[in-house]
Amino acid sequence: LKEGAAMVQLASQSTMKDIRNGWTFVTNLGKYDKDYLLRASVVKNGYANAAEESTYAAQLFDEKGQFLSGTKSYELRLAPHEIPPAGAFWSIVAYDLKTAQFMENPIKRYSMGDRTPGMKINADGTLSLHIQHKQPDEGVSNWLPVGPNEFYLVMRIYEPKPSVFDGTYRPATLREKR
């Protein structure tokens with residue numbers, strides 16, 4: 001039993017192969033066939049829909065390979081072609097790295113997406129999300145608050161379009177604000 005639990009733990013932490021601009025995509029969930037370790041690691045960490053229903057991409061590291069941290073401020077600037085291609089809706093959620101839970105924040109916002117009220121598009125057509133602990137100078141409309149510690153992001157794409165599966169969809173790189 002100990003060895004089995006260790007194998008499942010390793011499977012859930014294994015390096016993923018589909019990385020696009022720092023976002024790790026998992027597009028094979030719900031179709032496990034005989035990949036029992038993948039199936040077990042998904043169950044260990046919660047659940048997952050079939051990929052055609054929803055696909056997830058995770059961002060854990062900054063440009064320097066360090067864990068994302070609330071001690072820094074980040075911007076995710078999405079050009080129109082980098083907006084998640086969803087048939088239904090999309091969101092980006094921040095989780096505390098140690099607890100895998102939402103982080104309390106003064107505006108009670110735990111995700112940003114196409115259904116976020118008041119989100120503003122830039123004059124050039126891009127969408128800038130400000131991911132940081134302290135309120136950005138730009139205001140709260142495009143702010144995804146995070147805690148003061150290390151965190152990770154999950155991009156959820158519901159009813160993803162074919163470009164998610166064939167690898168042509170490449171979201172923007174998350175950049176530290178300077």
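**View 1. The surroundings of R109, a buried arginine with no salt bridge.** In this predicted model, R109 touches T116, P117, V140, S141, N142, W143, L144 and P145, not counting its neighbours within four places in sequence. As for where R109 sits, look in the loop between strand 6 (86–96) and strand 7 (111–113). Now try to find R109 a partner of opposite charge: the nearest such side chain is E138, and that one is 11 Å away. A salt bridge needs the nitrogen and the carboxyl oxygen within 4 Å, so R109 goes without one here.

**View 2. D18 and R20, a salt bridge between a partly exposed residue and a buried one.** Here the side chains of D18 and R20 pair up, with N to O at 2.7 Å. The two ends of this bridge have rather unlike surroundings: R20 has a relative accessible area of 1%, so it counts as buried, while D18 comes in at 26% and is partly exposed.

**View 3. K72 and D62, a salt bridge from loop to loop.** The N to O distance for this pair is 3.0 Å. K72 belongs to the loop between strand 4 (68–69) and strand 5 (74–78), and D62 to the loop between strand 3 (54–59) and strand 4, which puts the two 10 residues apart. On the K72 side, relative accessible area is 22%, so that residue is partly exposed. D62 has 10% relative accessibility and counts as buried.

**View 4. R178 and E63, a salt bridge linking distant parts of the chain.** The closest N and O atoms of R178 and E63 are 3.6 Å apart. In sequence, though, the partners are 115 residues apart: R178 lies in the segment after strand 11 (175–176), and E63 in the loop between strand 3 and strand 4. R178 is exposed, with 72% relative accessibility, whereas E63 is partly exposed at 39%.

**View 5. The salt-bridge network around E63 and R178.** Pull back a little from the previous pair and R175 and E176 join in: together with E63 and R178, they are linked in a network of salt bridges. Across the model, the count of salt bridges comes to 9. Among them are D18 with R20, K72 with D62 and R178 with E63. As a general point, side chains of opposite charge can pair when their charged atoms come close. For contrast, go back to the first view, where R109 is buried and has no salt bridge.

Notes. Residues are numbered from 1 along each chain as its sequence is written. This is a predicted model: local features need pLDDT of at least 70, side-chain atom pairs count only at pLDDT 80 or more; totals for chains, interfaces and linings use all residues. Side-chain values use heavy atoms; hydrogens and water are left out. Buried means under 20% relative accessible area, exposed over 50%, partly exposed in between (1.4 Å probe, protein chains only). Helices (H or I, at least four residues) and strands (E, at least two) are DSSP runs, numbered from the N terminus. Lys and Arg count as positive and Asp and Glu as negative; His and the chain ends are not counted. Contact means heavy atoms within 4.5 Å.
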